[in-house]
Amino acid sequence: MNDRFRAWQVSENDQGEFRGRVVEREVEELPSGEVLVQVQYSCLNYKDALSAGGNRGVTRNYPHTPGIDAAGIVVESADERLQPGQPVIASGYDLGMNTSGAFAGMIRTPARWVLPLPDGLSARESMIIGTAGFTAAQCVEKLIHNGLEAGQGPVLVTGATGGVGILAVALLAKLGFAITASTGKAQSHELLRSLGAAEIIDRNILSEDNPRPLLKGQWAAAVDVVGGKTLGNVLKGLQYGGSVACCGLVESPEFPATVFPFILRAANLLGIDSAEAPPEVKSALWKRLATDWKPAGLERIATEISLDQLGPSLNAVRNGQALGRFLLKL
Ligand SMILES: NC(=O)c1ccc[n+]([C@@H]2O[C@H](COP(=O)([O-])OP(=O)(O)OC[C@H]3O[C@@H](n4cnc5c(N)ncnc54)[C@H](OP(=O)(O)O)[C@@H]3O)[C@@H](O)[C@H]2O)c1
């Protein structure tokens, strides 16, 4: 085993600015943990962009290597479930937050954070999906659990060209739902339609100030990554008994709301967290993503980058300009 590896490291300079660059690191510098993994692929998530930008709510101490998702090969393991040479996914929990992350040739983590790569999924495909796709699947699973069925009406997806959004569109299309995609990117309409969106709306319509307590009940359900006024309007625009899976905050963590959608339309606001989901829950959902829920068109939504291209790609994610998924090849 080579004890040295390349990693992307974010540091804070004297002016309080955060800059990332490629460095050489040693395996012995990695945190303690039961499993050492050689990373083959990672991917970019919104949380990585926050960590790389110095957001102390995500990462307290710098220098730091972000990267909340990894697919790779076990090099060393103190857990009999995971054997050297085995392909695995490591994702979520504290990986890439305050534990050195997957924008690196190697990671070392607790065994609980590592899952065998499910049959039916390559390492590359697993990182095109990544936490974004896993979260999209959690949203869809919870909406179905709360009564969503195909034929009830359109399912709205906000932030539809971002990581969670685009994989929600692809998964909902695979499951036969009618989809309305909300996006700010005019150039993405063709791609969204090719993935299965029947209707596309401009995201500015959803983020308008609107004092009315309820809007026309249009959507059977929604996957919302945006929060803010958008989430407030989505709640008001649900059909009777409809649900919104709330998983993100790209517009704002705060949202305006009254009780009217809940007490007059029986609306449901469903919370989604991917990072701390128990390993058995993660394992079961990843198996679905490898089989009957495997989204079509994964390569079409992926842009492969190297460690040297991380800076501009993370900026694109931070500024809401990313179209689909950045796949990082180590
Ligand atoms: N709860 C969880 O476990 C979990 C897991 C993963 C992600 N998340 C959260 O989900 C959100 C999306 O993550 P992601 O990885 O999909 O991020 P992403 O790839 O950056 O996508 C976000 C998308 O939101 C849209 N957008 C950007 N700024 C906006 C604004 N001001 N108002 C409305 N829409 C805007 C853009 O799409 P359009 O141009 O198409 O509108 C953008 O591409 C983030 O807040 C992230 O923290 C939560």
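Two residues are in contact if their C-beta atoms, placed from the backbone, lie within 7 Å. The structure described here is a predicted model, in which local features need pLDDT of at least 70, side-chain atom pairs count only at pLDDT 80 or more, and totals for chains, interfaces and linings use all residues. Residue numbers start from 1 along each chain as its sequence is written.

The chain is divided into domain 1 (4–117 + 298–329) and domain 2 (132–271), with bounds from an automatic or database domain assignment. Their C-alpha centres lie 29 Å apart. In the contact between them, 8 residues of domain 1 meet 9 residues of domain 2.

The ligand is surrounded by 33 residues, the closest being G159, G162, T183, G248 and G320; a residue counts as near if its C-beta atom, placed from the backbone, lies within 6 Å. Both domains give residues to this shell, so the ligand lies between them.

Helices are DSSP runs (H or I, at least four residues) numbered from the N terminus. The axes of α2 and α8 (residues 279–290) come within 10 Å and cross at roughly 100°. Axes are lines fitted to C-alpha atoms over the stretch in contact, with angles running from 0 to 180 degrees between N-to-C directions. Helix α2 is therefore roughly perpendicular to α8 (65 to 115 degrees).

The table gives residue classes, where Ala, Val, Leu, Ile, Met, Phe, Trp, Tyr, Cys and Pro are nonpolar, Asp, Glu, Lys and Arg charged, and the others, Gly among them, polar.

| Residue set | Nonpolar | Polar | Charged |
|---|---|---|---|
| Shell around the ligand | 13 residues | 15 residues | 5 residues |
| Side of domain 1 that touches domain 2 | 4 residues | 3 residues | 1 residue |
| Contact of α2 with α8 | 6 residues | 2 residues | 2 residues |

Notes. Helix = DSSP H or I, 4+ residues; strand = E, 2+ residues; numbered from the N terminus. Parallel < 35°, antiparallel > 145°, perpendicular 65-115°, else oblique.
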